[in-house]
Amino acid sequence: MLSNSSNHDSFLPTMDTIAREAGALLMDYFHQHLKVEYKGDADLVTAADRASEVLIRERIRQHWPSHDVLGEEQGLNDQGSDYRWYVDPLDGTTNFAHGFPVFSVSMALEHKGRLIAGVIYDPTRDELFSAEAGRGAHLNGESIRVSQIANLAESLVSTGFPSHKRHKNPNIHFYHQITLHTHGVRRAGSAALDLCNVACGRFDGFWEFNLNPWDTAAGVLMVQEAGGQVSRIDGAPFELNSKETLASNGLIHQALLREFKEIFAGRGIEPLPDPREYKR
Ligand code: IPD
Ligand code: CA
Ligand code: CA
């Protein structure tokens with residue numbers, strides 16, 4: 001079952017099949033979990049995360065045994081290969097645990113430090129996003145492009161908050177300010193899907209602090225290949241270990257960068273209404 005790794009054409013179809021297989025596995029757990037109902041018991045969710053990564057690693061090993069793999073659950077398997085996979089076997093775990101159907105499987109492939117292919121599969125909508133360096137981005141086989149909205153006030157953007165160490169995350173300030181300066185901010189709960197939604201024009205931008213390479217690798221390539229722009233939050237070039245991510249349709253990128261600069265400098269901050277006054 002070895003695939004030819006010198007021919008990049010061969011990666012996407014196999015990646016699609018693997019992501020769909022992992023998505024089907026997640027849906028089995030998802031339905032099982034809904035049946036037993038959420039009792040504060042995260043075991044089934046943890047089992048779903050792990051089983052999905054085991055399956056994906058097994059498939060990668062069958063097709064490309066010499067490749068390195070970095071997955072969220074099992075960490076890095078470094079064999080010194082020029083190829084490295086980034087795998088988030090279940091992005092949107094909190095949603096999954098509560099029966100909220102917004103989650104995905106995310107896989108990306110890097111060659112000599114350059115992202116060359118990415119696939120993100122949403123099994124609840126049967127939406128398969130795929131991108132290949134220099135060859136565009138697709139949703140279920142149809143070419144996708146970022147939106148044409150050039151005005152921040154008319155844009156719909158999204159963000160996310162970490163599930164751990166939330167008290168150290170300043171994002172609520174950014175959430176508030178950017179909510180006031182755009183048409184709205186969504187927090188859907190899967191960074192990989194947020195990036196896909198920028199790539200296909202449903203969102204005009206996305207930002208988040210403290211993401212990991214397995215959250216962003218495939219989605220960043222998706223946005224770039226769909227004609228969008230990705231940087232750090234200060235405008236510096238994005239790198240997989242940058243942690244912070246700002247993605248957009250390109251047209252509102254400068255306006256978003258200005259927003260972040262102003263907020264970091266503490267300028268133009270609208271005060272949050274006092275809930276005690278609101279109550280009165
Ligand atoms: C999380 C999701 C979420 C984002 C968090 C991530 P996980 O990934 O992408 O949208 O806000 O920062 O950790 O833990 O569900 O794989
Ligand atoms: Ca994730
Ligand atoms: Ca995950």
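These exercises, each with a worked solution, explore the metal sites, the largest pocket and the largest nonpolar core of a predicted model.

**Exercise 1. Find the protein donors of the calcium ion (ligand 2) and their spacing along the chain.**

Solution.
- Step 1. Look for the protein donors. They are D88, D91 and D215, each through an OD atom.
- Step 2. Check the distances. These donors lie 2.1 to 2.2 Å from the ion.
- Step 3. Read the spacing along the chain. The pattern is D-x2-D-x123-D.
- Step 4. Test burial. D88 and D91 are both buried.

**Exercise 2. Do the same for the calcium ion (ligand 3), then find the residue that coordinates both ions.**

Solution.
- Step 1. List the protein donors. E72 gives OE, D88 gives OD and L90 gives O. They lie 2.2 to 2.4 Å from the ion.
- Step 2. Write the spacing. In sequence it reads E-x15-D-x1-L.
- Step 3. Place E72 and L90. E72 sits in the loop between β1 (68-71) and β2 (75-77), while L90 is in strand β3. The two residues are 18 residues apart, and the pair links distant parts of the chain.
- Step 4. Connect the two sites. The calcium ions (ligand 2 and ligand 3) are 3.8 Å apart, and D88 coordinates both.

**Exercise 3. Classify E72 and L90 as buried, partly exposed or exposed.**

Solution.
- Step 1. Recall the cut-offs: buried is under 20% relative accessible area, and exposed is over 50%.
- Step 2. Take E72. Its relative accessibility is 34%, so E72 counts as partly exposed.
- Step 3. Take L90. Its relative accessible area is 1%, so L90 is buried.

**Exercise 4. Describe the largest pocket and say where it lies relative to the domains.**

Solution.
- Step 1. Start with the volume. It is about 920 Å³.
- Step 2. Turn to the lining. Of its 32 residues, T94, F161, P162, S163 and H164 are the closest to the centre.
- Step 3. Sort the lining by class. Six residues are nonpolar, 13 are polar and 13 are charged.
- Step 4. Name the elements. β3 (83-91), α3 (93-98), α5 (191-199) and α6 (213-225) each supply at least two lining residues.
- Step 5. Locate the pocket. Domain 1 (8-144) and domain 2 (152-265) both give residues to the lining, so the pocket lies between them.

**Exercise 5. Trace the largest nonpolar core to its elements and domains.**

Solution.
- Step 1. Count the residues. The core has 35. Those with the most contacts inside it are I120, F129, I144, M222 and V223.
- Step 2. Find the elements. β5 (114-122), β6 (127-132), β7 (137-139), α5 and α6 give two or more residues to this core.
- Step 3. Assign the domains. Domain 1 (8-144) and domain 2 (152-265) each contribute at least three residues to the core.

How values were computed:
Residues are numbered from 1 along each chain as its sequence is written. Chains are lettered from A and ligands numbered from 1 in the order in which they are written. This is a predicted model: local features need pLDDT of at least 70, side-chain atom pairs count only at pLDDT 80 or more; totals for chains, interfaces and linings use all residues. Side-chain values use heavy atoms; hydrogens and water are left out. Donors are N, O and S atoms within 2.8 Å of the metal (3.2 Å for Na, K and Ca); water is not among the atoms, so sites may look incomplete. Buried means under 20% relative accessible area, exposed over 50%, partly exposed in between (1.4 Å probe, protein chains only). On a 1 Å grid over the protein atoms alone, a cavity is a set of points where a 1.4 Å probe fits but cannot get out, and a pocket is an open set with protein on both sides within 12 Å along at least five of seven lines; lining residues have an atom within 4 Å of a point. Grid points are joined across faces, edges and corners, and a volume is the space filled by probe spheres set on the points. Helices (H or I, at least four residues) and strands (E, at least two) are DSSP runs, numbered from the N terminus. Ala, Val, Leu, Ile, Met, Phe, Trp, Tyr, Cys and Pro count as nonpolar, Asp, Glu, Lys and Arg as charged, and the others, Gly among them, as polar. Domain bounds come from an automatic or database domain assignment. A nonpolar core is a set of buried Ala, Val, Leu, Ile, Met, Phe, Trp, Tyr and Cys residues joined through side-chain atoms within 4.5 Å.
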